[in-house]
Amino acid sequence: LPAYAEPVRLVGLGDSLMAGYGLGPGEAFPDKLQAALRKKGHDVVIDNAGVSGDTSSGGLARLDWSVPDGTAIVVLELGANDMLRGIEPAITEKNLDAMVSRLKERGIAVLLAGMRAAPNLGPEFAAQFDPIYGRLSERHGVVLMPFFLDGVAANPDYLLADGMHPNASGVDVMVERALPFVERVLSEARKAS
């Protein structure tokens with residue numbers, strides 16, 4: 001690619017974990033991920049298409065207008081609210097499956113951010129919910145970040161007072177854990193373009 005090429009456009013499509021619920025300007029995951037990637041020499045622009053409270057059904061309904069043409073990569077982070085509402089995991093999987101398919105049809109690479117069921121929902125629900133992301137990653141050949149809140153979940157140092165959403169330090173941990181996965185998708189997207 002010539003030096004004057006456009007920056008690589010990414011979209012963070014998700015719920016409050018992407019939107020930056022309870023955080024100040026520039027503290028949300030897409031902002032901090034963009035800063036971290038630029039620091040490593042990647043010319044990227046990351047749009048925040050996170051909507052607090054969004055479910056996989058909501059994400060699917062707004063997919064086309066949330067992800068503009070010219071987007072190279074989508075970090076897809078949905079399912080946590082489905083899980084918290086006890087929505088049938090098969091429905092969550094079907095919605096995520098449709099989103100990944102639609103994005104791939106548009107030539108957009110996907111980084112799937114995995115979620116895990118809250119322990120209080122019990123082992124049976126977890127056994128249905130947790131494997132969704134791995135299955136989708138294999139079915140579609142997309143990169144999976146196994147757990148978006150890796151290193152942050154259940155750690156009060158990294159969470160807001162609600163015990164569910166990351167604080168600014170928590171987002172730093174999430175970005176650090178996400179970087180190798182994002183860089184993998186970036187290099188694959190570059191080869192494909």
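**A strand between two partners, and two contrasting residues**

Strands β3 and β4 run side by side in the parallel sense, joined over 4 bridges. Keep in mind as you explore that this is a predicted model. We will start with β3, then visit Ser-56 and Asn-120.

**Strand β3 and its partners**

- Strand β3 spans residues 73-77, and 5 of its 5 residues are buried.
- Look at both faces of β3 and you will find cover on each: Ile-73, Val-75 and Glu-77 are buried on one side, while Val-74 and Leu-76 are buried on the other.
- In the pairing with β4, Ile-73 sits opposite Ala-109.
- Strand β1 (residues 8-14) also pairs with β3 in the parallel sense, over 5 bridges.
- On that β1 side, Gly-14 stands opposite Glu-77 of β3.

**Ser-56, a buried residue**

- You can find Ser-56 in helix α3, which covers residues 56-66.
- Ser-56 has a relative accessible area of 0%, so it counts as buried, the cut-off being under 20%.
- The side chains of Ser-56 and Asp-82 are joined by a polar contact of 2.5 Å.
- Beyond its neighbours within four places in sequence, Ser-56 is in contact with several residues, including Leu-78, Ile-91, Thr-92 and Met-99.

**Asn-120, an exposed residue**

- Asn-120 belongs to the loop between β4 (109-113) and α6 (122-129).
- Is Asn-120 buried or exposed? Its relative accessible area is 69%, so Asn-120 is exposed, the cut-off being over 50%.
- Asn-120 and Leu-84 are 36 residues apart in sequence, and their C-alpha atoms are 9.9 Å apart in space.

How values were computed:
Residues are numbered from 1 along each chain as its sequence is written. This is a predicted model: local features need pLDDT of at least 70, side-chain atom pairs count only at pLDDT 80 or more; totals for chains, interfaces and linings use all residues. Side-chain values use heavy atoms; hydrogens and water are left out. Buried means under 20% relative accessible area, exposed over 50%, partly exposed in between (1.4 Å probe, protein chains only). Two strands pair if DSSP finds at least two bridges between them. A polar contact is a pair of N or O atoms within 3.5 Å; within protein, one must be able to donate a hydrogen and the other to accept it, and residues adjacent in sequence count only if both atoms are side-chain atoms. Contact means heavy atoms within 4.5 Å.
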